[in-house]
Amino acid sequence: MDVGIDAIAFFGPQRYLDMADLARARGVDPAKYTRGLGQLRMAIATPCEDSVTLAANAAALALKRFDVDPQQIGTLVVGTETGIDHSKPVAVYVHEALKLRRCCRTFETKHACYGAFAGLTAASDWILSGRARGYKALIIASDIARYGVGELGEPTQGAGAVAMVVSENPRLITFDPLVTGDYTRQVMDFWRPLYSKFAFADGHYSIACYLEALAACRADALAKAADAEEYAIAKLSACFYHVPFVKMAKKAHQRHWEAELGAGVSPGDQRAQEVEASHGQRVAPWLSLNAEVGNIYTGSLFLALIDYLRHRNRTGPGLVSLFSYGSGCGAAWGFARTVPGVEGHAAALDPAAQLAARERISIEEYEEIMALVEVADRNDAAALDAGRWHVHESFLYQGTRDHVRRYSEFPG
Ligand code: HMG
């Protein structure tokens, strides 16, 4: 039985911060953010947008654009590090908004940026086991990355959700169910204590943890392959990595090569040009959405996948690799194949129009939002005014009254 992604959609905030504006405000050369990190813009979630509103809007788009009946969903998982309650999952609010069946298994997964991938593999196993009985799974990656004003991680923030329908005989990609790798190690590279709206990160150490996890996960996956040569980089049409910032995917691809070669590649090496060309062919062409949106934590890997799938002319039936990394840390490696005819869905999953309609935010507005984020979840805080932030979608967080989160009615 083939299992994989049958429908996919991105939904993000309507406001963005230009990286050059942020650089100037922090007294940094803009090239550090745009070339050094590879980021052009950063999606900014206003206090009226949270992981629930982003997730529900993304899911509604995926169901509608791919004509999936919500009554066909038998499992709903939301992967997020940006939970809205210590007890209630984001997923149950999404379940209500989308009017899904009561006989639906619904839960939230958390492991920093790895949460949604963990949900995806659990859903695939559910279908492969035969327990789904023809029902589909809806997996949503929804996060708001916040490090705080003036912090080292500030240029690597972002926000957004990617919703995916996982099913038998999918229309977009099928997963290789056996050649998969896993990795777990307790490290303090990035975390967000219960009392904080902002993440703490040991930035440079987190990069080292990510790269170590990549090599270990890939080795674990290839140890299960009957013929590892079948999964060599030369056989891959694209390599997807977790993308906290665009440059990170370049570092990841180099480590991918080094793991395959069993040796390091230094800038002057003969191999360095081959690695560079491979990055230009298999990685860089699919990072334009990540450069526009920023880090969306657990959805970042899938944003790169959307970028790949929307380039209808460049995607043949090809083998691709997927590396998910969640700080803390947990990681997974997998392979997938595009389904013949996938190019016919490029327009349905392309978020270009949505991104083009975004409005630029000033540094002053951005800093005001970051201050408001501290109080927006408090009980009986001042009412949130969506008009103040030029946010137009109708499903929004309205504030917490009598200790209950209030949302506007979901359209449709
Ligand atoms: P930093 O110290 O500000 O930056 O921290 P830097 O000095 O390392 O410079 C960054 C790059 O810009 C370097 O390129 C510089 O050379 C270059 P590289 O050497 O790496 O190729 N540069 C310039 N380029 C052009 N013109 C210039 C210029 N100046 C410098 N003028 C850091 C950067 C990413 C560490 C920081 O932003 C941070 O702490 N971010 C948050 C943590 C993070 O993103 N970690 C990534 C790995 S962990 C992960 O991905 C998981 C995560 O998503 C969380 C989750 O799992 O939920 C974070």
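Select threonine 156 and the ligand: in this predicted model, an N or O atom in the side chain of threonine 156 lies 3.3 Å from a nitrogen atom of the ligand. Next, add aspartate 29, where a polar side-chain atom is placed 3.0 Å from a ligand nitrogen atom. Then display the backbone of cysteine 113, which has a polar atom 3.0 Å from an oxygen atom of the ligand.

With these contacts in view, turn on the surface. The ligand on its own has 1100 Å² of accessible area, and the protein covers 77% of it. The site that holds the ligand is the second largest pocket.

Now colour the secondary structure around the ligand. Two or more residues of the shell are given by each of helix 2 (30–36), helix 6 (203–222), helix 7 (246–261) and strand 13 (319–326). Select helix 6 in particular: its five residues form the largest share of the shell.

Expand the selection to the whole shell, which has 27 residues around the ligand. The closest are Lys32, Cys113, Ser206, Lys247 and Lys251. Colouring the shell by class gives 13 nonpolar, 10 polar and four charged residues.

Finally, zoom out to the entire protein. Its secondary structure consists of 13 helices and 17 strands. Along the principal axes, the C-alpha atoms fill a box of roughly 60 × 55 × 40 Å. The radius of gyration is 20 Å, which agrees with a compact globule, because a globule of 412 residues would have a value near 22 Å.

Methods
Residues numbered from 1 in each chain as written. Predicted model: local features only at pLDDT ≥ 70, side-chain atom pairs only at ≥ 80, totals over all residues. Heavy atoms only, no water. Near = heavy atom within 4 Å. Polar contact = N/O pair within 3.5 Å; in protein donor to acceptor, adjacent residues only side chain to side chain. Areas by Shrake-Rupley, 256 points an atom, 1.4 Å probe, with all protein chains shown as cover. 1 Å grid on protein atoms, 1.4 Å probe; cavity = no way out; pocket = protein on both sides within 12 Å on 5 of 7 lines; lining within 4 Å. Sits in = over half its atoms within 2 Å of the grid points. Helix = DSSP H or I, 4+ residues; strand = E, 2+ residues; numbered from the N terminus. Nonpolar A, V, L, I, M, F, W, Y, C, P; charged D, E, K, R; others polar. Rg over C-alpha atoms; globule rule 2.2 N^0.38 Å.
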